[in-house]
Amino acid sequence: MYPDSLKQLIESFKYLPGIGEKSAERFAFSVLELDEEQVDMFSNSLKNVVNSIHKCPKCNTLTDLDVCNICSDTSRDHHSLCVFEDSKNVFLFEKLGKFNGKYHVLDGLISPLDGINPEDIGLGSLISRIHEEDIEEIILAFKSGIEGDTTALYIKRILGDLNIKITRLASG
């Protein structure tokens, strides 16, 4: 029905979450309306993000620097650490501008039903960081639900012997 190159572009857009056939078609036809400079910028942006984005070696959030801006910011409160299950939430939280501490990102949440165990979510790097840095407070900022609750309870249990204040963001 469509020319092969247009069909391939439509299929490529469908790789994105939440994009079905109709949205992919709409996006593909929108690309056809862009001028060559806009298409080059779009194409280069896709390649650049894939080639330059990696996890910060300190907090595990996404960055294009050796160490992310937040970890390298000496003006932030280095005693408080807010823990998330993914980098997207760090960026959303930063937009609010209400937290001046640092972050740590896990590799997801514990979910035994999905075969995701504590050793699968990178808790070792969190524990190492707590021991290496002068952390006084951990704020667990996980989504509500069984996975978030399980992960929070597990972290509270393994850190229970340390003299650290552990709290969880309110939800509801």
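This is a short walk through a predicted model, covering its cysteines, a buried arginine, one helix and the largest pocket.

Hi everyone, let's start with the cysteines. How many disulfides does the count come to? Zero. As a reminder, a disulfide is a covalent bond between the sulfur atoms of two cysteines. Take Cys 59: the closest cysteine sulfur to its own belongs to Cys 71, at 3.6 Å. The cut-off for a disulfide is 2.5 Å, so that pair is too far apart for a bond. Cys 68 tells a similar story, with Cys 71 again holding the closest cysteine sulfur, 3.6 Å away, and that too is too far for a bond. As for their surroundings, Cys 59 is buried, at 2% relative accessibility, and Cys 68 is buried as well, at 3%.

Staying with Cys 59 and Cys 71, let me bring in Arg 129, which touches both of them. Arg 129 sits in helix 6, residues 123-132. Is Arg 129 buried or exposed? It is buried, because its relative accessible area is 3%, and the cut-off for buried is under 20%. Leaving aside residues up to four places away in sequence, the other contacts of Arg 129 are Lys 58, Leu 81, Lys 102, Tyr 103, His 104 and Ile 135.

Now over to helix 2, which runs over residues 21-32. Its 12 residues reach 17 Å from first C-alpha to last, close to the 16 Å expected at 1.5 Å a residue. Which residues of helix 2 are buried? They are Ser 23, Ala 24, Glu 25, Ala 28 and Val 31, and this buried set packs against helix 1 and helix 3. Arg 26 belongs to helix 2 too, but Arg 26 is exposed, with 52% relative accessibility. The C-alpha of Arg 26 lies 9.8 Å from that of Phe 13, a residue 13 places away along the chain.

Phe 13 takes us to the last stop, as it is one of the residues lining the largest pocket. That pocket holds about 280 Å³ of space. Helix 1 (4-13) and helix 3 (36-52) are the elements that give two or more residues to its lining. Val 31, which we just met among the buried residues of helix 2, is in the lining as well. The others are Gln 8, Leu 9, Ser 12, Tyr 15, Leu 16, Val 39, Phe 42, Ser 43 and Leu 46. By type, the lining has eight nonpolar residues, three polar and no charged ones.

That's my tour, thanks for listening!

Conventions:
Residues are numbered from 1 along each chain as its sequence is written. This is a predicted model: local features need pLDDT of at least 70, side-chain atom pairs count only at pLDDT 80 or more; totals for chains, interfaces and linings use all residues. Side-chain values use heavy atoms; hydrogens and water are left out. Buried means under 20% relative accessible area, exposed over 50%, partly exposed in between (1.4 Å probe, protein chains only). On a 1 Å grid over the protein atoms alone, a cavity is a set of points where a 1.4 Å probe fits but cannot get out, and a pocket is an open set with protein on both sides within 12 Å along at least five of seven lines; lining residues have an atom within 4 Å of a point. Grid points are joined across faces, edges and corners, and a volume is the space filled by probe spheres set on the points. Helices (H or I, at least four residues) and strands (E, at least two) are DSSP runs, numbered from the N terminus. Ala, Val, Leu, Ile, Met, Phe, Trp, Tyr, Cys and Pro count as nonpolar, Asp, Glu, Lys and Arg as charged, and the others, Gly among them, as polar. Contact means heavy atoms within 4.5 Å. The expected span of a helix is 1.5 Å times one less than its number of residues.
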